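Hello,

Here is the structure I promised to pass on. Please open it first, then read my notes below.

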Amino acid sequence: MGSHAGNFRSGFVSRGTIDLCDARIGGSVLFEGADLTAPTGEDTTDTALRAHGAEVGAEFNCCNGFTAHGRVAVGGVTVRARLCFRGARIDAPAGKRALTCRRSTAAELVLCFAEAPRGIVDLSHSRVGVLRDDTATWPRALVLDGFAYDSVQPPLSPVTATAAESSGTAHDRAAVTWR
């Protein structure tokens with residue numbers, strides 16, 4: 001699939017899996033304000049958005065009111081600009097994958113959710129230039145094995161950095177490992 005842009009903005013509603021696997025998009029993918037609901041039933045994957053292996057030439061925005069009732073799976077994506085989840089809600093049960101973003105690359109990753117996802121956020125073996133996040137919405141379960149970033153915004157305060165280093169909980173930034 002080759003395309004210049006994907007515009008699924010406010011008012012876009014999906015009942016079923018949106019599948020952009022291996023898509024080549026020269027422009028942006030815009031899910032700002034979209035409402036996606038994964039299929040339900042015994043033979044479903046519980047995935048609202050799937051884009052494994054997609055290449056996006058600009059921004060991949062799942063932000064500004066984006067809501068996923070089910071998993072968002074964007075493993076192995078390449079985003080030349082920003083992969084954004086600012087103000088997003090990902091409704092996945094605790095213990096299940098909420099956001100899977102393994103082996104992905106982006107110039108910038110924004111993880112400032114509207115509320116902390118209850119499910120697991122997996123960023124393992126991904127590489128980003130700038131990580132933007134909000135400690136108030138850190139996920140409760142976070143997989144960071146091999147995750148790397150060049151800089152973080154806003155910078156950790158000395159108090160937050162010390163608390164993260166000493167607490168050792170799964171959602172603390174100190175859990176980031178480099179290999």
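Over which residues does pLDDT stay under 50, and how many contacts beyond four places in sequence does the model have for them? The stretch is 161-179, and the count is 35. Keep in mind that this is a predicted model. Across the protein chain, pLDDT averages 86. A score of at least 70 is reached by 82% of the residues.

Overall make-up

The protein chain has 179 residues, and 46% of them count as buried. Its secondary structure consists of one helix and 20 strands. The accessible surface of the chain is about 8300 Å². Carbon and sulfur atoms account for 50% of that surface. Now take the contacts between residues at least 6 apart in sequence: 46% of these join residues at least 24 apart.

The six-stranded sheet

One open sheet has six strands, ordered 4-8-12-15-17-19, and the pairing is parallel. Its edges are strand 4 (18-19) and strand 19 (141-143), each of which pairs on one side only.

I followed the pairing in from strand 4. Strand 4 pairs with strand 8 (residues 47-50) in the parallel sense, over two bridges. Ile18 has Leu49 of strand 8 as its bridge partner. Asp19 stands opposite Arg50, also in strand 8. Next comes strand 12 (residues 71-73), which runs parallel to strand 8 and is joined to strand 8 by three bridges. Arg50 turns up again here, with Ala73 in strand 12 as its bridge partner. So Arg50 is worth finding on screen: look for Asp19 opposite Arg50, and for Ala73 as the bridge partner in strand 12.

The four-stranded sheet

Another open sheet has four strands in the order 3-7-11-14, again with parallel pairing. Strand 3 (13-15) and strand 14 (89-91) are at the edges. Each has a single partner strand, so one side of each lacks a neighbour in the sheet. Neighbouring strands in this sheet are turned against each other by 5° on average, direction ignored.

At the strand 14 edge, the partner is strand 11 (residues 67-69). These two strands pair in the parallel sense over three bridges. One residue pair to look up is His69 with its bridge partner Asp91 in strand 14.

Cysteines

How many disulfides does the structure hold? Zero. Cys101 is in no disulfide, and the nearest cysteine sulfur, that of Cys62, is 9.9 Å away. Cys101 is buried, because its relative accessible area is 3%, and the cut-off for buried is under 20%.

Why does Cys112 form no bond with Cys84? The sulfur of Cys112 is 7.6 Å from that of Cys84, the closest cysteine sulfur, and this is too far for a bond. A disulfide would need the two sulfur atoms within 2.5 Å. Cys112 is buried as well, with a relative accessible area of 13%.

Where to start

I would begin with the two sheets, ordered 4-8-12-15-17-19 and 3-7-11-14. Then go to Cys101 and Cys112. Leave residues 161-179 for last, where pLDDT stays under 50.

Best wishes

Notes
Residues numbered from 1 in each chain as written. Predicted model: local features only at pLDDT ≥ 70, side-chain atom pairs only at ≥ 80, totals over all residues. Heavy atoms only, no water. Pairing = 2+ DSSP bridges. pLDDT = per-residue confidence, 0-100. Contact = heavy atoms within 4.5 Å. Buried < 20%, exposed > 50% of the residue type's maximum accessible area, 1.4 Å probe, protein only. Areas by Shrake-Rupley, 256 points an atom, 1.4 Å probe, with all protein chains shown as cover. Axes fitted to C-alpha atoms, helices over the stretch in contact; angles between N-to-C directions.
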